[in-house]
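Visitor: I would like to go through this model with someone who can say how each term is defined. Could we take it step by step?

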Amino acid sequence: MFPELLAADAERERKYYADRGMAVPSTKEQTGSSNTERSEEETPNVVQYKDEIQFRLDYDTRSQEPEDGPRLGPLRKPIITTSARVTVMHLKKFIAMDLKFPNVKEIDVLYRDEVLGTEHTVEYILKSRGHRPHDEAVLLFRRRNAAFPSS
């Protein structure tokens, strides 16, 4: 990617070993091939993930928060574009930071009225809960001790 840096590094390494009277260890870069000249079969297998995901993170307006203590409300920017490998705990921390809520443990994140575990990724949640790829994914959040109105 940066051949001038590679050449400078090789020169420093050669000088280091020469100053100490040692033989320079043999590497592929010094035997004629460099990182920029690698053939495709030498390139390591790299798994490409299409892991960017977009979803809506809304405040659950059905919940009734207790009168005491800090309150939650809607986010300033409810549309989230992030890695699909983000966990529910990451979302809770984001919500707490954005709304200046002091306790992450008091926040619940829901998908289709199911409280989600903190270790689940958004990708896992959407795949395992029957989300259709072309529909908008909507996750809700609320305060943990919030009571629901009786229907």
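What follows is a conversation about the fold, the sheet, some single residues and the largest pocket.

Guide: This is a predicted model, in which local features need pLDDT of at least 70 and side-chain atom pairs count only at pLDDT 80 or more, while totals for chains, interfaces and linings use all residues. Residues are numbered from 1 along each chain as its sequence is written, and side-chain values use heavy atoms, with hydrogens and water left out.

Visitor: Which pattern does the protein chain follow when read along the sequence?

Guide: Helices (H or I, at least four residues) and strands (E, at least two) are taken as DSSP runs and numbered from the N terminus. On that basis the protein chain has 3 helices and 5 strands. Read along the sequence, they follow the pattern α-β-β-α-β-β-α-β.

Visitor: What is the order of the strands in the open sheet?

Guide: Two strands pair if DSSP finds at least two bridges between them. By this criterion β1 and β2 run antiparallel with 5 bridges, whereas β1 and β5 are parallel over 4 bridges, and β3 (107-111) and β4 are antiparallel over 2 bridges. The edge strands, each pairing on one side only, are β2 (79-83) and β4 (114-115). The pairing is thus mixed, and the order is β2-β1-β5-β3-β4.

Visitor: In β5, which residue is the bridge partner of Leu57?

Guide: Leu57 belongs to the face of β1 on which Ile53, Phe55, Leu57 and Tyr59 point and are buried, while Glu52, Gln54, Arg56 and Asp58 point to the other face and are not. Here buried means under 20% relative accessible area, exposed over 50%, and partly exposed in between, with a 1.4 Å probe and protein chains only. Arg56 has Ile79 in β2 as its bridge partner, and for Leu57 the partner in β5 is Leu139.

Visitor: What angle does the direction of helix α2 make with that of β3?

Guide: Contact means heavy atoms within 4.5 Å, and helix α2 (residues 88-99) packs on the sheet, touching β1, β2, β3 and β5 (138-143). Axes are lines fitted to C-alpha atoms, for helices over the stretch in contact, and angles run from 0 to 180 degrees between N-to-C directions. On that scale, the direction of α2 makes with that of β3 an angle of about 125 degrees.

Visitor: Why does Asp98 count as buried?

Guide: Asp98 has its place in helix α2, and, leaving aside neighbours within four places in sequence, Asp98 is in contact with Leu75 and Arg76. Asp98 counts as buried because its relative accessible area is 14%.

Visitor: Is Lys100 buried or exposed?

Guide: Lys100 is placed in the loop between α2 and β3, and has a positive phi of about 55 degrees although it is not a glycine. Its relative accessibility is 72%, so Lys100 counts as exposed.

Visitor: What is the volume of the largest pocket?

Guide: On a 1 Å grid over the protein atoms alone, a pocket is an open set of points where a 1.4 Å probe fits, with protein on both sides within 12 Å along at least five of seven lines, and lining residues have an atom within 4 Å of a point. Grid points are joined across faces, edges and corners, and a volume is the space filled by probe spheres set on the points. For the largest pocket this gives about 270 Å³.

Visitor: Which residues are the closest to the centre of the largest pocket?

Guide: β1 (52-59) and α3 (122-128) each supply at least two residues of the lining. Of the 13 lining residues, the closest to the centre are Ile53, Leu126, Lys127, His131 and Pro133.
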